[in-house]
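Here is a brief report on one protein chain with a bound ligand. The sequence and the structure come before the details.

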Amino acid sequence: MHSAVAQQALEQGTCTVLGAIPRASNDTRLVVVDHAGTHLKAVYKPASGDRPLADFPLHTLSLREVASYRLSAHLDLNAVPPTVLRSDLGAGPGSLQAYVEDSGDDDAVTLTAVDAIPAAHTPMFALRTEDGTDLVLSHDARDGLRAIAFFDLLANNADRKAGHIITGSYLPGCGPSSIGTFGIDNGLTFHAEEKVRTILWGFSHSSFRVEEVDALDEVARMSADLRSALEDCLEDAEIDSLRQRAERLGEVGTFPEPPVNRTVIPWPPI
Ligand SMILES: Nc1ncnc2c1ncn2[C@@H]1O[C@H](COP(=O)(O)OP(=O)(O)OP(=O)(O)O)[C@@H](O)[C@H]1O
Ligand SMILES: [Mg+2]
């Protein structure tokens, strides 16, 4: 299992911080990890480097990153790259997430001219650039994207942008089986109030598949295993809201439509 190998390396590996990733909103650093013959790149987000936000408590984003991976891994969604807590790195406790190397040929989410939207895509929204060009953001219905959309509903992701969906591998050189479609930047998740903002609304109305229904049941039951995976990252009230979201989604039975009474697309969306 690629994820087990990467997770162990992230947990136990020797880390060399290469430097800050430019233009990130929070303190985000690129790291090289070495562990027992496994070498991978990773992204370290120290809790001390969170930029204050109005709606999420300060210094909790890296915990939410880790909770995101644990939920995705517990449900076998493979929607989030391996992400662990480290408390021994230079800038203090934070998350360490496997870096997904973009495979370069990704057309899961595209920004195209109106007459060039790929046939299998659902258009999400249109925008006009400063020079007057009309563009449309659209996405396809591949399983990897569906798993991210499903994860985002459960995790209550308030920030699923197009640029934070990467098709590629976090263990380069391990062949095609290591390539997947992953959601990164999962820090704005698990708020107790409903906040889903995503560019993946194209699955609306699609009935949950058997394995998705099973996953919703699993979260609604909130087994001791799942609770203990989440409770060192989230407040009890947030775990409770997660459980209730799973119950509600299970009752509805389909990917919901975007609500009409609030902003449902993240800004910026790309
Ligand atoms: N796991 C990852 N794999 C590949 N690239 C990553 C990963 N995590 C972060 N990055 C890169 O680092 C950038 C900054 O990371 P991220 O978006 O998570 O931080 P942020 O502080 O929330 O910044 P932003 O303002 O972009 O939301 C991303 O836009 C992406 O280019
Ligand atoms: Mg962000």
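## Hairpin of E2 and E3

The hairpin of E2 and E3 has 2 residues between its strands, and Ala36 there takes a positive phi near 45°. The model is predicted. E2 covers residues 29-35 and E3 covers residues 38-46. These two strands pair in the antiparallel sense, with 7 bridges. His35 stands opposite Thr38 in E3.

## Pairing of E1 with E2

E2 also pairs with E1, which spans residues 14-20. The sense is again antiparallel, over 6 bridges. Thr14 has Asp34 of E2 as its bridge partner.

## Nonpolar core

The largest nonpolar core holds 63 residues. Leu40, Ala42, Phe151 and Leu154 have the most contacts inside this core. Helix H3, residues 143-155, supplies the largest share of the core, with 9 residues.

Which residues are in contact with Ala42, leaving aside its neighbours within four places in sequence? They are Leu10, Val31, Val33, Leu96, Gln97, Ala98 and Tyr99. Ala42 lies in E3, given its span of residues 38-46. Val31 and Val33 lie in E2, given its span of residues 29-35.

## Shell around ligand 1

Ligand 1 has 15 residues around it. Ala24, Ser25, Asn26, Val43 and Asp185 come nearest. Val43 falls in E3, within residues 38-46.

By class, the shell has 8 nonpolar residues, 6 polar residues and 1 charged residue.

Definitions and conventions: Residues are numbered from 1 along each chain as its sequence is written. Chains are lettered from A and ligands numbered from 1 in the order in which they are written. This is a predicted model: local features need pLDDT of at least 70, side-chain atom pairs count only at pLDDT 80 or more; totals for chains, interfaces and linings use all residues. A residue is near a molecule or strand if its C-beta atom, placed from the backbone, lies within 6 Å of it. Ala, Val, Leu, Ile, Met, Phe, Trp, Tyr, Cys and Pro count as nonpolar, Asp, Glu, Lys and Arg as charged, and the others, Gly among them, as polar. Two strands pair if DSSP finds at least two bridges between them. Helices (H or I, at least four residues) and strands (E, at least two) are DSSP runs, numbered from the N terminus. A nonpolar core is a set of buried Ala, Val, Leu, Ile, Met, Phe, Trp, Tyr and Cys residues joined through C-beta atoms within 7 Å. A residue is buried if 20 or more other C-beta atoms lie within 10 Å of its own, exposed if 12 or fewer, and partly exposed in between; C-beta atoms are placed from the backbone. Two residues are in contact if their C-beta atoms, placed from the backbone, lie within 7 Å.
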